[in-house]
Amino acid sequence: MIESADIIDYTYEDFKEGIDSIVSQIKDSNFKPDYIVAIARGGAVPGVYLSHKLHVPVQMIHWSTRDLND
C-alpha cells in the first residue's frame, strides 16, 4: 500500500516550470549546445521540450543494463 507521504504531486505546470528553469540557466551561461542528448524512454519528453525551446536538434540514446543476448 502506498502512503500519501510517498506520492509526489508533480503537475504538467511543474514540469514546464522545470524546463523553463533549465533553459534559463543554459541561456544565462551563454552556452549554445549543438544538440540535446536524451536517454530514450524517461528522458525523451524533457529532451524534446528542451530541444524545441533551445531550437537545437535532439539525439536519443538507448542504454540497457539487461543482458540482451537471450
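At 48% relative accessibility, tyrosine 35 falls in the partly exposed class, and Tyr35 is also one of the residues behind a nonpolar surface patch of about 580 Å². Keep in mind that this is a predicted model. The protein chain has 70 residues, of which 17% count as buried, and its elements run α-β-α-β from the N terminus on. Below is a quick tour, from the overall layout to the patch, the core, the second helix, the salt bridges and two backbone oddities.

**Overall layout**

- The protein chain is built with two helices and two strands.
- The helices are H1, covering 12-28, and H2, covering 44-54.
- Strand S1 spans 36-39, and strand S2 spans 58-61.
- About 6,100 Å² of the protein chain is exposed, and 55% of that comes from carbon and sulfur atoms.
- If you take contacts between residues at least 6 apart in sequence, 37% of them join residues at least 24 apart.

**The nonpolar patch on the surface**

- Back to that patch: Tyr35, Val37, Ile39, Ile61 and Trp63 make it up.
- Tyrosine 35 sits in the loop between H1 and S1.
- Valine 37 belongs to strand S1, and with a relative accessible area of 49% it is partly exposed.
- Setting aside neighbours within four places in sequence, valine 37 touches Gln59 and Ile61, and Ile61 is another member of the patch.
- Valine 37 and leucine 50 are 13 residues apart along the chain, with 9.9 Å between their C-alpha atoms.

**The nonpolar core**

- What makes up the largest nonpolar core? Eight residues do: Phe15, Ile19, Val23, Ile26, Ile36, Leu50, Leu54 and Val56.
- Helices H1 and H2 are the elements that give two or more residues to this core.
- H1 supplies the largest share, with four residues.
- Leucine 54 is a good residue to click on: not counting residues up to four places away in sequence, its contacts are Val23, Ile26, Lys27, Lys32, Pro33 and Ile36.
- Of those contacts, Lys27, Lys32 and Pro33 are listed as touching leucine 54, alongside the core members Val23, Ile26 and Ile36.

**How H2 sits**

- Four residues of H2 are buried, namely Gly47, Leu50, Ser51 and Leu54.
- Looking down the axis of H2, these buried residues stay within an arc of 100°, so they line one face of the helix.
- What do the buried residues of H2 pack against? Their partners are H1, S1 and S2.
- Leu50 and Leu54, both buried in H2, are also part of the nonpolar core.

**Salt bridges**

- Side chains of opposite charge can pair when their charged atoms come close.
- How many salt bridges does a search of the whole structure find? It turns up two.
- One of them joins glutamate 13 to lysine 16, with the closest N and O atoms 3.3 Å apart.
- Glutamate 13 and lysine 16 are three residues apart in helix H1, so about one helical turn separates them.
- Both ends of this pair are partly exposed: glutamate 13 has a relative accessible area of 45%, and lysine 16 comes in at 28%.
- In the other bridge, the side chains of lysine 53 and aspartate 20 meet at 2.9 Å, N to O.
- Because lysine 53 is in helix H2 and aspartate 20 is in helix H1, this pair ties together parts that are 33 residues apart in sequence.
- Here too the partners are partly exposed, with lysine 53 at 37% relative accessibility and aspartate 20 at 35%.

**Two positive phi values**

- Asparagine 30 isn't a glycine, yet its phi is positive, at about 60°.
- You'll find asparagine 30 in the loop between H1 and strand S1, where it is exposed with a relative accessible area of 71%.
- Histidine 55 comes just after H2 and takes a positive phi of about 60°, again in a residue other than glycine.
- Is histidine 55 buried or exposed? It is exposed, with a relative accessible area of 68%, and it lies in the loop between H2 and strand S2.

Terms used:
Residues numbered from 1 in each chain as written. Predicted model: local features only at pLDDT ≥ 70, side-chain atom pairs only at ≥ 80, totals over all residues. Heavy atoms only, no water. Buried < 20%, exposed > 50% of the residue type's maximum accessible area, 1.4 Å probe, protein only. Contact = heavy atoms within 4.5 Å. Areas by Shrake-Rupley, 256 points an atom, 1.4 Å probe, with all protein chains shown as cover. Core = buried A, V, L, I, M, F, W, Y, C linked by side-chain atoms within 4.5 Å. Patch = residues over 30% accessible without salt bridge, like charges linked within 9 Å, V, L, I, M, F, W, Y side chains within 5 Å. Salt bridge = Lys/Arg side-chain N within 4 Å of Asp/Glu carboxyl O. Arc of directions from axis to C-beta.
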